[in-house]
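Visitor: Please take a close look at one part of this model, the loop positions with unusual backbone geometry. Then connect that part to the rest.

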Amino acid sequence: MKALQYTKIGSKPEVVDIPIPTVGPGQVLLKVTAAGVCHSDEFIMGLPEDQYTYGLPLTLGHEGTGIVHELGEGVEHLSVGDAVAVYGPWGCGRCHNCSEGKENYCTNAAAEGITPPGLGSPGSMAEYMLIDDPRHLVPLGDLDPAKNVSLTDAGLTPYHAIKQSLPKLGAGSTAVVIGTGGLGHVGIQIIRALSGATVIALDVNDEKLALAKEVGAHHAILSDKNAVDTIKELTDGLGADAVFDFVGVQPTVDIATASVATGGDVTIVGIGGGMASVGFGTIAYDAALRVPYWGSRGELIEVLEMAKRGQLSVEIETYSIDEGPKAYERLHEGSIRGRAVILPNG
């Protein structure tokens with residue numbers, strides 16, 4: 001089968017031919033219908049050799065949907081032909097967090113060498129994908145795989161982040177979304193659907209700000225040296241009740257911490273390497289700062305339910321698996337509007 005793999009430190013991803021995985025007891029083989037392209041992939045492919053821990057060759061893709069193709073011995077409650085989405089943050093299934101469906105916070109994964117698909121384990125950018133346990137599959141129903149595959153990360157991650165701040169986002173509140181790309185443009189829709197907040201979106205060019213307005217932002221402003229002052233003006237000098245930074249580079253982290261209101265939340269979701277200064281006099285009084293990771297299985301079910309109700313829509317560009325390297329080139333250039341999706345069998 002064809003697969004898109006990262007094969008050498010510092011190289012670009014390439015299309016290769018590898019064997020179709022063999023299904024073992026308790027496992028599920030999917031025929032992949034869609035795979036999402038994410039900045040996290042670019043991040044790990046940019047790591048130097050002494051920091052890279054994901055194994056080579058690595059089949060990319062931690063966002064995936066598929067059709068159940070084959071069931072391993074002992075697998076119940078699934079049938080060949082079922083349409084499913086892959087819950088990506090695999091854990092041990094036994095610890096306290098995993099027992100609550102929060103495998104994104106598994107306390108045993110690192111010690112036991114358990115890694116997510118595309119981030120250590122073979123991912124979804126292949127014609128077929130092996131799932132270690134049926135609990136990592138969620139029914140997709142009638143949702144279009146290409147249009148909704150990114151919700152397994154680009155929907156689930158902002159949903160998990162925003163859900164924690166919903167008590168502060170009632171009527172009359174303000175939420176700031178920094179970065180309106182793959183995660184951010186979905187985050188805006190989640191805030192609009194679940195809260196009474198006015199949404200201020202920030203990004204670096206007019207095209208991305210136009211997308212932010214299209215998906216529901218009340219205000220769209222440039223992420224520049226004037227951003228904090230503009231946010232303060234729009235909030236009568238108070239600042240934002242919640243700030244969600246989906247970029248995470250130093251300039252955006254600085255904007256996030258400088259624009260939060262007293263008692264507000266700052267949530268750093270992006271993995272751009274920025275560091276937040278927290279201490280007396282450096283951030284608003286009683287402000288809370290979080291660095292969340294992905295989301296729970298139950299939250300993924302909720303995100304897909306929002307999509308079924310028409311509350312979420314992902315802006316996508318589609319590529320064949322042979323065009324996969326091109327998708328990553330466009331991601332690196334910052335020219336993708338929304339999310340890139342690879343169709344391995346399309």
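Guide: H77 is exposed because its relative accessible area is 79%, and exposed here means over 50%. The residue sits in the loop between β5 (63-71) and β6 (83-86). Its phi is near 65 degrees, a positive value in a residue other than glycine. The model is a predicted one, and the angles are computed from it. As background, most residues other than glycine have a negative phi, and most peptide bonds are trans.

D286 also has a positive phi, about 60 degrees, although it is not a glycine. Its place is in the loop between β13 and β14. D286 counts as exposed because its relative accessibility is 67%.

The third backbone case concerns a peptide bond. The bond from L56 to P57 is cis, with omega near -10 degrees. P57 is found in the loop between α1 and β4 (58-59).

The loop that holds D286 leads on to a surface feature. V278 is placed in the loop between β13 (260-268) and β14 (288-290). With 58% relative accessibility, V278 counts as exposed. Together with L289 and V291, V278 forms a nonpolar patch on the surface, and the accessible area of the three is about 280 Å².

Another exposed loop residue is A171, in the loop between α5 (156-163) and β9 (174-178). A171 counts as exposed because its relative accessibility is 82%. From A171 to G118 there are 53 residues in sequence and 40 Å in space, C-alpha to C-alpha.

The helix α1, which precedes the loop of P57, also contributes to a pocket. The second largest pocket holds about 270 Å³ of space. Two elements, α1 (39-45) and α11 (324-333), give two or more residues to its lining. The largest share, five residues, comes from α11. Among the lining residues are G10, K12, E42, M45, Y328 and H332. By type, the lining divides into five nonpolar, four polar and three charged residues.

Charge pairing is the remaining topic. Side chains of opposite charge can pair when their charged atoms come close. The whole structure contains 14 salt bridges. One of them involves α11's following loop: the side chains of E315 and R337 meet at 2.9 Å, N to O. This pair links distant parts of the chain, with E315 in the loop between α10 (297-308) and β15 (316-320), R337 in the loop between α11 and β16 (339-343), and the two positions 22 residues apart. E315 is partly exposed at 29% relative accessibility, and R337 is partly exposed at 22%. Salt bridges that share partners also join E63, D153 and R339 into one network.

Two further salt bridges can be listed. R309 and E305 meet through their side chains at 3.2 Å, N to O. R309 is exposed, with a relative accessible area of 61%, whereas E305 is partly exposed at 33%. R135 and D133 meet at 3.1 Å, N to O. R135 is partly exposed at 26%, and D133 is partly exposed at 24%.

To return to the part requested: H77 and D286 have positive phi values, and the bond from L56 to P57 is cis.

Conventions: Residues numbered from 1 in each chain as written. Predicted model: local features only at pLDDT ≥ 70, side-chain atom pairs only at ≥ 80, totals over all residues. Heavy atoms only, no water. Patch = residues over 30% accessible without salt bridge, like charges linked within 9 Å, V, L, I, M, F, W, Y side chains within 5 Å. Areas by Shrake-Rupley, 256 points an atom, 1.4 Å probe, with all protein chains shown as cover. Salt bridge = Lys/Arg side-chain N within 4 Å of Asp/Glu carboxyl O. Helix = DSSP H or I, 4+ residues; strand = E, 2+ residues; numbered from the N terminus. Buried < 20%, exposed > 50% of the residue type's maximum accessible area, 1.4 Å probe, protein only. 1 Å grid on protein atoms, 1.4 Å probe; cavity = no way out; pocket = protein on both sides within 12 Å on 5 of 7 lines; lining within 4 Å. Points joined across faces, edges and corners; volume = space filled by probe spheres on them. Nonpolar A, V, L, I, M, F, W, Y, C, P; charged D, E, K, R; others polar.
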